[in-house]
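Good morning, and thank you for the invitation to speak. Please look at the sequence and the structure together while I talk.

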Amino acid sequence: MLVLGLETSCDETGVALYDSERGLLADALFSQIDLHRVYGGVVPELASRDHVKRMLPLIRQVLAEADCVATDIDAIAYTAGPGLVGALLVGASCAQALAFAWGIPALGVHHMEGHLLAPMLEEQPPEFPFVALLVSGGHTQLVRVDGIGRYELLGESLDDAAGEAFDKTAKLIGLPYPGGPEIARLAAQGVPGRFVFPRPMTDRPGLQFSFSGLKTFALNTWQQCRDAGDDSEQTRCDISLAFQQAVVETLTIKCRRALQQTGLKRLVIAGGVSANKALRASLEDMTAGLKGNVFYARPKFCTDNGAMIAYAGCQRLAAGQQESLAISVQARWPMETLQAI
Ligand code: KG4
Ligand code: ZN
């Protein structure tokens, strides 16, 4: 079964072709980062309009790369939520219109399920069951995963998501959007130990997170330095490192707890923040200590992409899942409500 995947939940137009027998045939992405950077964050209306412009050329591009024609496609999977509602509607209406024209089914996919399953596109995919740490711009969740659609939420952030904390902290210290990769880049030049940030909620039991205090801590640190006449690049690097270490250690402590609590040995990390090298290294060390393993996608499939949507959609379509031609998307959508297959 050849599935066309469309991702338009935020500021990236992602398109891919995944075949149930041959695997991933082609993927293409247009990132709107340059469009939103001047505003310091994503402008939803601009995002929607740009998805409209990019979608059909990207579909043509993946068809050409995969050496396929439209009539080879058996079904279309698109992101139906969670995300920016206008942006989601572009992907949903495009998918449903093409599906109607081509006489094939379309299926709405949960964006976070897409992220969660992205490591399945790698050479050594994880086997079920596992614990998943989902860390993106909108979500920080620990989930027990027993199969596709068999999700038990173990813990989540009570306020900012990990990616959101990276983005907001970056903005406060004068770094461009998106802040995650910028902080990671500056942290590599940081002096360890100059600043030490708290590890929120690690001193009490449970698997909840809270990241909003860290950005305030970063802002206060930055202001104190500036008041003392130091607004150097090195100070930005040192704050970036202290912030990143705090997030990484906090996530690592909670992942260890989740593995111990569930008795599972496999940990999957997914979502934009799972591209962070320091996080990967820390979780590698921690899982090795527990004689377990950590799984993640290649960097371009950690952030938003069409391949993860094509893959997740293919699994559900192959299991017989169907939907009507109605165009319906959800800005908020708890993953635990998904149907098991
Ligand atoms: O999964 P994603 O592409 O979009 C959402 O579903 O939200 O995640 C985007 C988030 C942004 O907050 C971005 O700053 C963060 O992932 N991110 C990173 C890195 N690359 C992207 N955070 C830390 N380190 C990175 N290398
Ligand atoms: Zn995402």
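I shall go through the metal site, a pair of helices, the nonpolar cores and a few points of the backbone.

First, a word on the basis: this is a predicted model, in which local features need pLDDT of at least 70 and side-chain atom pairs count only at pLDDT 80 or more, while totals for chains, interfaces and linings use all residues. Residues are numbered from 1 along each chain as its sequence is written, chains are lettered from A and ligands numbered from 1 in the order in which they are written, and side-chain values use heavy atoms, with hydrogens and water left out.

Let us begin with the zinc ion, ligand 2. Which protein atoms are its donors? They are NE2 of H111, NE2 of H115 and OD of D304, at 2.0 to 2.1 Å from the ion. Donors here are N, O and S atoms within 2.8 Å of the metal (3.2 Å for Na, K and Ca), and sites may look incomplete because water is not among the atoms. Along the sequence, the spacing of these donor residues reads H-x3-H-x188-D. Both histidines, H111 and H115, belong to helix α4 (residues 111-117), where they are four residues apart, about one turn of the helix. Helices (H or I, at least four residues) and strands (E, at least two) are DSSP runs, numbered from the N terminus. H111 is buried at 6% relative accessibility, and H115 is buried at 1%. Buried means under 20% relative accessible area, exposed over 50%, and partly exposed in between, with a 1.4 Å probe and protein chains only.

Next, a helix pair. Two packed helices are described by the angle between their axes and the distance between the axes. The axes of α5 (residues 162-172) and α8 (residues 233-262) come within 11 Å and cross at roughly 170°. The helices α5 and α8 are therefore roughly antiparallel, a term for angles over 145 degrees. At this contact (heavy atoms within 4.5 Å), A165, F166 and T169 of α5 meet F243, Q244 and V247 of α8. By class, four of the residues are nonpolar, two are polar and none is charged.

We turn to the interior. A nonpolar core is a set of buried Ala, Val, Leu, Ile, Met, Phe, Trp, Tyr and Cys residues joined through side-chain atoms within 4.5 Å. The largest one has 64 residues, and L4, L6, I59 and I76 touch the most other members. Helix α10 gives the largest share of this core, eight residues. Leaving aside neighbours within four places in sequence, I59 is in contact with L4, L6, V15, C94 and L98. A second, separate core of 41 residues includes A165, L186, L214 and L283.

Helix α10 (residues 306-318) also holds Y311, which is buried at 11% relative accessible area. Y311 lies 197 residues from G114 in sequence, yet their C-alpha atoms are 7.5 Å apart.

Finally, the backbone. Cis peptide bonds join G81 to P82, with omega about -15°, and F128 to P129, with omega about -5°. Positive phi values occur at two residues that are not glycine: M201, at about 65°, and K291, near 60°. Is each of these buried or exposed? M201 is buried at 15%, whereas K291 is exposed at 71%.

How values were computed:
Axes are lines fitted to C-alpha atoms, for helices over the stretch in contact, and angles run from 0 to 180 degrees between N-to-C directions. Angles under 35 degrees count as roughly parallel, over 145 as roughly antiparallel, 65 to 115 as roughly perpendicular and the rest as oblique. Ala, Val, Leu, Ile, Met, Phe, Trp, Tyr, Cys and Pro count as nonpolar, Asp, Glu, Lys and Arg as charged, and the others, Gly among them, as polar.
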